[in-house]
Structure formats: C-alpha cells, structure tokens
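User: I would like a close look at a single part of this structure: the place where aromatic rings pair up. Please take me through that part slowly, then show me what else is worth knowing.

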Amino acid sequence: MRILLIGANGFIGRFVADRLLADPAVQLTALGRGDDADVRFDLATGSPGALTRFLDAVHPGVVVNCAGATRGGARELTRHNTVAVATVCEALRRSGCGARLVQVGCGAEYGPSQPGSSTAEDAVPRPGGPYGVSKLAATELVLGSGLDAVVLRVFSPAGPGTPAGSPLGRLAEAMRRAMQSGDGELKLGGLGVQRDFIDVRDVARAVHAASLSAAQGVINIGSGRAVRLRDAAAVLARVAGYGGALHELDVPPGPLRGTIGHPRAESDHTAPMAYPYPDGCGSWQQADVRTARDRLGWRPRIALEESLADIWMEAACRI
C-alpha cells in the first residue's frame with residue numbers, strides 16, 4: 001500500500017515516518033515544505049488543484065496528515081491548521097485515487113474539562129484558545145468532507161524530539177541549567193496543571209493502526225491518565241539525577257503570568273515566561289481511550305518515565 005505522509009519533519013511526523021517505513025507492506029511518499037521531502041508542497045499556500053494532480057499521479061491508498069502549527073497568532077494557526085486541511089480534503093474529493101485520510105488532531109479541541117473526569121469522543125468540544133479552535137475547525141472539515149476519514153485526537157505528546165519550548169522541554173532545560181551551574185535549588189512555576197501525556201512513539205503506532213483500519217470519525221489517543229506537571233518534574237529530577245530542591249512558585253492566574261522556571265537568577269524576576277500550558281484546556285485533561293482500544297486494537301505501551309528519560313537525554317546533550 002502506498003501512503004502519502006504530510007508533515008514528515010514535524011515532532012509527530014518523524015516518528016510516524018519511521019513507523020511506516022518499518023512496515024514492508026508500505027510504500028511511503030513524504031510531502032512537505034522541506035528540501036528533504038519527496039515532494040515539496042506548502043499546504044497553507046498551495047492550491048487544491050495542484051495537490052489533486054499530484055494525488056492522481058502517485059495514487060496513494062492512504063493520506064496521513066501530521067502537518068500543522070502549534071504556535072503563532074490566530075491568523076497563522078488558521079492558515080496552517082485549518083486552511084491546509086481544507087486543501088487536503090478538497091484535493092482528495094477531486095482526485096480519483098479514493099485515498100483514506102488519517103488526520104492528526106489534538107486534545108485541545110475539547111477545551112477545559114471537569115477535574116477527575118475522562119473526556120470521551122462524544123464530549124462537546126469547547127476549545128479555550130485559537131490553537132484548539134483552528135484544530136477543531138480542521139476536524140469538522142474532515143468529518144463533513146464525505147471522505148473515508150478518521151481524526152486522531154492526540155492529547156499531550158512527549159518523548160524523544162519533544163520541542164524545547166514545550167512545557168516538558170522547558171522543565172528539562174531548566175533542570176539542565178541548574179545542574180550545569182551547580183544550583184541546589186530550582187524554582188518552578190505553573191506546575192499545578194494536569195495533562196494526559198502520551199509517548200510520541202505510541203502516537204505513531206496509533207497512526208499506523210488507523211491507516212490500516214476501516215475506523216472513521218474521531219478517536220482519542222492518550223494514556224488515559226492525567227499527571228500533574230509537578231509530579232512529572234519530580235520524575236524528571238530522578239531520571240536526571242538532580243539532587244537539589246524543587247520549589248514551586250505561586251503563579252497568579254492568567255494565561256501569560258506564570259513561569260516554568262529557571263535556576264535562581266535575576267532573570268527570574270524580570271522576564272516571566274509564558275504560562276506552561278497555553279492550550280486553553282484549563283487545569284485538567286484526561287482522555288477516555290476505550291475507542292482506540294476497541295476500534296484500532298491500540299493501547300499505550302511506553303510509560304511516562306521512559307518518555308521523560310528520553311527528553312532528559314536530549315536536554316543533557318544540548319550545548
């Protein structure tokens with residue numbers, strides 16, 4: 001089977017590419033904006049007609065879309081997360097390839113949820129920020145396209161390749177700096193949020209399974225367990241061998257007031273960083289993953305401690 005992968009250079013896309021390449025039954029073609037893509041194409045600016053011509057030439061059986069933006073203003077997020085998906089859907093409708101579409105969505109589409117609850121696919125989405133809105137709009141385009149399509153709502157991906165600017169990436173960087181400077185005290189802020197972390201390699205397994213299945217609609221991909229960021233920091237300290245004290249700062253409410261933390265320094269008081277989870281999901285998020293188990297035969301395999309150990313290994317090697 002030929003699979004067209006869009007966004008193979010992204011955090012999730014790289015691991016999806018590795019997973020698909022390991023399947024001898026899959027012929028993989030990568031489409032993206034980078035020079036190393038098999039075909040260079042920018043979904044945010046390219047026309048559906050141009051993409052249709054490529055689909056007709058390659059004739060994939062499955063199109064996997066891992067492309068998108070997690071940062072930027074509403075206009076940029078809309079262009080990369082919504083307009084781009086509209087281009088894919090329209091091109092697939094025009095094409096004669098009849099390909100199945102696997103769209104990688106996100107848990108931010110749901111927005112805030114009740115602490116202690118698990119969010120299932122039938123929950124009414126109420127995204128709390130422009131990122132979640134742009135991804136939800138993309139999901140609605142996919143579901144309303146009439147295509148053979150499935151949307152995987154990925155909660156909080158972690159593991160090797162975690163972006164340095166993400167909450168877990170910033171935790172690891174703060175710890176690396178503290179150890180490098182010999183600081184026995186690390187001040188961290190905004191650690192009260194709880195998120196459902198899922199290893200990116202498990203996400204890749206889910207995308208692979210969805211590509212081979214007949215499942216349609218929305219399917220949550222998560223661990224099924226919310227973890228407080230404070231607890232993740234403690235695990236990270238253990239795997240890093242950091243013996244210093246972790247002190248949590250009081251973080252005033254508001255999207256731009258907290259800090260994820262630095263080693264103690266003057267900059268702590270003069271350059272507050274963004275709130276650690278600007279995803280509009282409030283203090284709690286936990287996925288109900290029974291649908292993934294029942295319809296994809298998928299379960300998470302990699303524990304958060306292993307994900308954090310891989311994040312630390314990369315941070316420790318950073319110069």
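Analyst: What follows starts at the aromatic pair and then moves outward to salt bridges and helices.

A word on the source comes before anything else. This is a predicted model.

Start with the rings. A pair of aromatic rings is described by the distance of the centres and the angle of the planes. The structure holds 1 aromatic pair. Its partners are Y110 and F155. Their ring centres are 6.0 Å apart. Their planes meet at 35 degrees, so the pair is tilted. Why tilted? Planes under 30 degrees apart would count as stacked, and planes over 60 as edge-to-face, so an angle between those limits is called tilted.

Now place the two residues along the chain. Y110 is in the loop between strand 5 (100–106) and helix 4 (130–143). F155 is in the loop between strand 6 (149–154) and strand 7 (156–158). The two are 45 residues apart, and the pair links distant parts of the chain.

Are these rings buried or exposed? Y110 has a relative accessible area of 4%. F155 has 6%. Buried means under 20%, so both residues qualify.

Y110 has another neighbour. R153 lies over the face of Y110, at 4.6 Å from the ring centre. Stay with R153, for its side chain also meets that of E109 in a salt bridge. The distance there is 2.7 Å, from N to O. R153 sits in strand 6. E109 sits in the loop between strand 5 and helix 4, which is also the loop given for Y110. R153 and E109 are 44 residues apart, and this pair, too, links distant parts of the chain. Both R153 and E109 are buried.

So much for the close look. Here is the wider setting.

How many salt bridges are there? The count comes to 14. One of the others joins R201 and D199, with the closest N and O atoms 2.7 Å apart. These partners differ in exposure. R201 is partly exposed, at 23% relative accessible area. D199 is buried, at 1%.

Another salt bridge joins D294 and R293, at 3.0 Å from N to O. Here D294 is exposed, with a relative accessible area of 55%. R293 is partly exposed, at 33%.

Salt bridges can also form a network. E90, R93 and R94 are linked in this way.

Next come the helices. Two packed helices are described by the angle between their axes and the distance between the axes. Helix 1 (residues 11–21) packs against helix 6 (residues 200–212). Their axes are 8 Å apart, and the angle is about 60 degrees. That makes helix 1 oblique to helix 6. The crossing of these two is right-handed.

Helix 7 (residues 229–240) and helix 10 (residues 304–316) also cross. Their axes come within 9 Å, at an angle of roughly 60 degrees. Helix 7 and helix 10 are therefore oblique to each other. Their crossing is right-handed.

Finish on one residue of helix 10, M313. M313 is exposed, with 54% relative accessibility. Its C-alpha atom is separated by 35 Å from that of T139. Along the chain, M313 and T139 are 174 residues apart.

Back to the part you asked for. Y110 pairs with F155 in a tilted arrangement. R153 lies over the face of Y110 and forms a salt bridge with E109.

Methods
Residues numbered from 1 in each chain as written. Predicted model: local features only at pLDDT ≥ 70, side-chain atom pairs only at ≥ 80, totals over all residues. Heavy atoms only, no water. Phe/Tyr/Trp six-rings, centres within 6.5 Å; stacked < 30°, edge-to-face > 60°. Helix = DSSP H or I, 4+ residues; strand = E, 2+ residues; numbered from the N terminus. Buried < 20%, exposed > 50% of the residue type's maximum accessible area, 1.4 Å probe, protein only. Lys NZ or Arg CZ within 6 Å of the ring centre and 35° of its normal. Salt bridge = Lys/Arg side-chain N within 4 Å of Asp/Glu carboxyl O. Axes fitted to C-alpha atoms, helices over the stretch in contact; angles between N-to-C directions. Parallel < 35°, antiparallel > 145°, perpendicular 65-115°, else oblique. Left-handed = near helix turned anticlockwise from the far one by under 90°.
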